[in-house]
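Reader: I would like a close look at a single part of this protein. Please take one pair of strands, then work outward to what surrounds it.

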Amino acid sequence: MSASDPATSLADADTIGETPEIVRDTKAIAMPMVAPGEADPAEPTFEPRIGDMVRDVGTGKIGKVMAAVGTYVQLRPVHGGIEWDAKPENLRPVSVAEALGPAVAAANARSRGEL
């Protein structure tokens with residue numbers, strides 16, 4: 001078996017003293033440019049539901065969806081506080097880790113008597 005043989009595995013190359021060839025695809029990948037805060041047309045539309053944790057890309061804040069009023073969605077900060085209005089197209093779902101980060105920070109601040 002030779003290194004150019006597709007059936008040659010890395011283990012085979014080690015045992016027979018040959019270095020396998022690395023084949024790279026050099027074709028450029030076309031990526032659409034999207035301005036910050038704009039919806040990416042390639043992404044499916046996200047429709048937030050009450051209770052969802054979301055990121056408002058307009059402000060950069062993470063909040064919990066409390067209500068939908070007219071053309072806006074009302075969000076409350078994770079640690080509590082005053083709600084703010086956001087446009088639904090500016091909202092993105094967040095991962096569990098992103099959602100827990102501010103909540104854990106708020107709980108720690110409360111335990112230290114800072115809140």
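Author: E3 and E4 pair in the antiparallel sense, over 3 bridges. This is a predicted model. One bridge sets Leu-75 against Trp-84 in E4. The hairpin of E3 and E4 has 6 residues between the strands. In that hairpin Gly-80 takes a positive phi near 90 degrees.

Now the other partner of E3. Strand E2, residues 61-69, is joined to E3 by 6 bridges. These two strands run antiparallel as well. Val-69 stands opposite Tyr-72 in E3. The hairpin of E2 and E3 has 2 residues between the strands. Here Gly-70 has the positive phi, near 60 degrees.

Next, the side chains of E3. They alternate along the strand. Val-73, Leu-75 and Pro-77 point to one face, and they are buried. Tyr-72, Gln-74 and Arg-76 point to the other face, and they are not buried.

The buried face leads to the core. Val-73 and Leu-75 belong to the largest nonpolar core, which has 7 residues in all. The other members are Val-54, Val-65, Trp-84, Ala-86 and Leu-91. Strand E3 (72-77) and strand E4 (84-86) are the elements that give two or more residues to this core.

Take Leu-75 as a centre. Leaving aside neighbours within four places in sequence, Leu-75 contacts fellow core members Val-54, Val-65, Trp-84, Ala-86 and Leu-91. Its contacts also include Asp-56, Lys-64, Met-66, Ile-82 and Glu-83.

Trp-84 has a further neighbour. The charged end of Lys-61 sits over the ring of Trp-84, 4.1 Å from the ring centre. Aromatic pairs are another matter: the count comes to 0.

Asp-85 also lies in strand E4. Is it buried or exposed? Asp-85 counts as partly exposed, because its relative accessible area is 48%, between the limits of 20% and 50%. Asp-85 touches Tyr-72, Val-73 and Gln-74, not counting residues up to four places away in sequence. The C-alpha atoms of Asp-85 and Val-73 are 5.6 Å apart, with 12 residues of separation in sequence.

Now Val-54, another core member. Val-54 has its place in strand E1, residues 53-56. Val-54 is buried because its relative accessible area is 0%, and the cut-off for buried is under 20%. Beyond four places in sequence, its contacts include Lys-61, Ile-62, Gly-63 and Val-65. Leu-75, Leu-91, Arg-92 and Val-94 are also in contact with Val-54. So are Phe-46 and Pro-48. Lys-61 thus appears twice here: Lys-61 contacts Val-54, and its charged end sits over the ring of Trp-84. One distance gives some scale: Val-54 and Val-78 are 24 residues apart along the chain, and their C-alpha atoms are separated by 10.0 Å.

Last, the setting. The protein chain has 2 helices and 5 strands. From the N terminus on, the order of elements is α-β-β-β-β-β-α. Of its 115 residues, 18% count as buried. Among contacts between residues at least 6 apart in sequence, 30% join residues at least 24 apart. The accessible surface of the protein chain comes to about 8,500 Å². Carbon and sulfur atoms hold 57% of that surface.

Terms used. Residues numbered from 1 in each chain as written. Predicted model: local features only at pLDDT ≥ 70, side-chain atom pairs only at ≥ 80, totals over all residues. Heavy atoms only, no water. Core = buried A, V, L, I, M, F, W, Y, C linked by side-chain atoms within 4.5 Å. Buried < 20%, exposed > 50% of the residue type's maximum accessible area, 1.4 Å probe, protein only. Helix = DSSP H or I, 4+ residues; strand = E, 2+ residues; numbered from the N terminus. Contact = heavy atoms within 4.5 Å. Areas by Shrake-Rupley, 256 points an atom, 1.4 Å probe, with all protein chains shown as cover. Phe/Tyr/Trp six-rings, centres within 6.5 Å; stacked < 30°, edge-to-face > 60°. Lys NZ or Arg CZ within 6 Å of the ring centre and 35° of its normal. Pairing = 2+ DSSP bridges.
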